[in-house]
Amino acid sequence: MKSLYGKLSHQLLIIIIVVFVFTFLLLGFILPQVVVPITEQTIYSYLRQPLEFIESDIDQDLLTTEVAYIYQLDDAVAYSDNLGEIIRFNNIDDILNKIKNEYGKFEYRHQTYYYYTLKSDNVLKIALTNDTYIEKTKHDILNAILPVVLLTFLIIALILIIWSSIIVRKIEKLKQKIDHIDDDNYNHKLEFEIDDEMRSLEHAIEDMRLSLKTQEEYRNQMYQNISHDFKTPLTVIKSYIEAYNDGIEDAKSVLSVIGEQTDKLEFKVHSLLYLNKLDYLKDNINNVSYTLIDIEGIIAKAIKEFKFRRKDVEFIVNIEKSKFYGTEDYWETVIDNLLANFLRYAETSIKITAKNNRLTLYNDGPNIDPNLLEGIFTPFRKGIKGEFGLGLSIVKKTLNLMGYNITIKNEKKGVTFTISKAPKS
């Protein structure tokens with residue numbers, strides 16, 4: 001936790017420092033530049049007002065404040081006693097030459113001065129001051145603003161640190177949950193009470209854990225089922241070989257059984273390889289376009305091959321104008337696996353109907369246990385009569401590859417499989 005907290009705290013501290021520096025640079029450099037024009041207008045107003053009350057008599061005692069005054073009548077010039085304190089000059093003409101407008105500012109000996117002029121009775125009255133007022137105003141504003149900004153910044157920084165500490169603790173809990181995701185003895189109880197993104201992430205991790213657990217259980221069950229499914233033909237082969245060695249069975253019958261069981265094993269191996277191939281194609285299919293296929297011809301060919309396996313089952317086919325897309329190989333695989341499944345359970349009939357671009361296959365065998373319906377397309381999931389197989393799983397994945405769905409419905413008598421185009425996502 002220290003490592004995680006240290007990294008995030010370090011990042012947060014850097015962010016706070018950067019924001020702090022940026023804020024004070026903003027206040028120290030930009031704010032004064034914004035304040036100056038406003039303050040200058042105040043200075044001009046401050047300089048103008050006394051001029052309106054001072055009489056034009058050149059012999060009048062001039063005021064001595066932080067503002068200096070200059071009187072000019074033709075070539076005669078008089079100025080207040082404090083002019084030398086406000087602006088150090090050698091010649092009064094140097095100052096008068098700088099004053100060209102009604103009011104403004106000028107630079108003299110690397111310092112800024114402000115002035116305002118008023119002419120009455122042929123006397124030009126000038127009020128003059130330096131930039132001390134502006135500098136004082138800047139400092140007053142900064143002194144008033146900085147404590148407030150600093151306090152606000154510290155409060156925000158404290159809130160961020162507390163908030164980040166809470167987030168770090170939540171992240172640490174999630175990390176521990178992920179570290180123990182496959183440990184059933186770990187307490188995986190959901191703890192976050194606030195309904196935010198962290199709680200959503202916690203729920204997502206819990207869902208992932210349950211999904212992984214389910215997949216692990218399914219994988220273990222599938223391995224057991226595969227082992228059982230492959231072990232049965234091998235046991236039969238071994239038994240007949242031992243019977244032959246003991247003189248119980250002759251070579252002809254033993255070879256016949258071995259050939260039959262070998263065919264079963266070969267079929268199961270090919271089915272597994274085909275299932276893996278479908279998974280590969282599903283993960284690597286990009287913008288594949290399928291062609292229009294002759295579904296009637298494929299169904300007719302499949303029935304011709306299957307009808308001799310059970311002569312007691314009648315095939316009823318009704319093909320109306322419909323369009324199905326894909327490849328002939330894929331559709332042959334789908335129809336062959338479905339008919340092979342149907343022949344195991346049908347009592348007297350199998351009905352195949354194509355209408356409105358939907359393919360319906362019905363057999364009048366027993367209903368499927370509702371508890372088996374959910375996982376009936378899962379590879380090696382135990383099905384009706386306790387049998388294992390890959391046929392329906394191959395059907396499902398092959399159809400999905402071509403953009404079709406398959407659904408199963410128990411009828412009053414029998415079962416209906418419906419194949420239709422999957423909606424575009």
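Colleague: What covers the buried residues of helix 7?

Modeller: This is a predicted model. The buried residues of helix 7 are Ile 295, Ile 298, Ile 299, Ala 302, Ile 303 and Phe 306. Their cover includes strand 7 (314-319), helix 8 (328-345), strand 9 (349-355) and strand 10 (358-363).

Colleague: Why do the buried residues of helix 7 lie on the same side?

Modeller: The buried set runs from Ile 295 to Phe 306 and includes Ile 299 and Ala 302. These residues share one side of helix 7 because they cover an arc around the axis of only 130 degrees.

Colleague: How far does helix 7 reach from its first C-alpha to its last?

Modeller: Helix 7 spans residues 295-306, which makes 12 residues. At 1.5 Å a residue, 16 Å is expected. The model comes close to that, with a reach of 16 Å.

Colleague: At about what angle does helix 7 run to strand 7?

Modeller: Helix 7 lies across strand 7, strand 9 and strand 10. Two of those, strand 7 and strand 9, run parallel and are joined by 6 bridges. Against strand 7, the helix runs at about 175 degrees.

Colleague: Which strands are the edge strands of the sheet with the order 7-9-10-12-11?

Modeller: The sheet is open, has 5 strands and shows mixed pairing. An edge strand here pairs on one side only. That description fits strand 7 and strand 11 (404-410).

Colleague: By how many degrees are neighbouring strands of the 7-9-10-12-11 sheet turned against each other on average?

Modeller: The strand order of this open sheet is 7-9-10-12-11. With direction ignored, the average turn between neighbouring strands is 15 degrees.

Colleague: Which residue is the bridge partner of Thr 353 in strand 10?

Modeller: Strand 9 and strand 10 pair in the antiparallel sense, over 6 bridges. Within strand 9, Thr 353 also stands opposite Asn 318. Elsewhere in the pairing with strand 10, Ile 350 stands opposite Asn 363. For Thr 353, the partner in strand 10 is Thr 360.

Colleague: Which residue takes a positive phi in the hairpin of strand 9 and strand 10?

Modeller: Strand 9 is mostly covered, with 5 of its 7 residues buried. Its hairpin with strand 10 has 2 residues between the strands. The positive phi, near 55 degrees, belongs to Asn 356.

Colleague: What angle does the direction of helix 8 make with that of strand 10?

Modeller: Helix 8 packs on the sheet. It touches strand 7, strand 9, strand 10, strand 11 and strand 12 (415-421). With the direction of strand 10, helix 8 makes about 20 degrees.

Colleague: Where in helix 4 does the kink lie?

Modeller: Helix 4 covers residues 132-179, so its 48 residues should span 70 Å at 1.5 Å a residue. Its end C-alpha atoms are 67 Å apart, which agrees. The kink is about 25 degrees and comes shortly before the proline Pro 147, at Ile 145.

Colleague: Is Lys 170 buried or exposed?

Modeller: Lys 170 has its place in helix 4. Leaving aside neighbours within four places in sequence, it is in contact with Phe 192, Ile 194, Asp 196 and Met 198. Its relative accessible area is 11%, and the cut-off for burial is under 20%. Lys 170 is therefore buried.

Colleague: Which residue in strand 4 stands opposite Glu 107?

Modeller: The sheet with the order 2-1-5-4-3 is open, with 5 strands and antiparallel pairing. Strand 2 (76-79) and strand 3 (103-108) each have a single partner strand, so one side of each lacks a neighbour in the sheet. Strand 3 pairs with strand 4 (residues 111-120) over 6 bridges. Opposite Glu 107 stands Thr 112.

Colleague: Which residue with a positive phi follows helix 10?

Modeller: Helix 10 has 12 residues (391-402), and its end C-alpha atoms are 17 Å apart, against 16 Å for the span it should have. Its buried residues include Leu 392, Val 395, Leu 399 and Met 402. After the helix, phi turns positive, near 90 degrees, at Gly 403.

Colleague: What percentage of the residues in the chain is buried?

Modeller: The chain holds 10 helices and 12 strands. Among contacts between residues at least 6 apart in sequence, 59% join residues at least 24 apart. Of the 425 residues, the buried share is 36%.

Notes. Residues are numbered from 1 along each chain as its sequence is written. This is a predicted model: local features need pLDDT of at least 70, side-chain atom pairs count only at pLDDT 80 or more; totals for chains, interfaces and linings use all residues. Side-chain values use heavy atoms; hydrogens and water are left out. Helices (H or I, at least four residues) and strands (E, at least two) are DSSP runs, numbered from the N terminus. The expected span of a helix is 1.5 Å times one less than its number of residues. Buried means under 20% relative accessible area, exposed over 50%, partly exposed in between (1.4 Å probe, protein chains only). The arc is that of the directions from the helix axis to the C-beta atoms. Contact means heavy atoms within 4.5 Å. Two strands pair if DSSP finds at least two bridges between them. Axes are lines fitted to C-alpha atoms, for helices over the stretch in contact, and angles run from 0 to 180 degrees between N-to-C directions. The bend at a residue is the angle between axes fitted to the seven residues ending there and the seven starting there.
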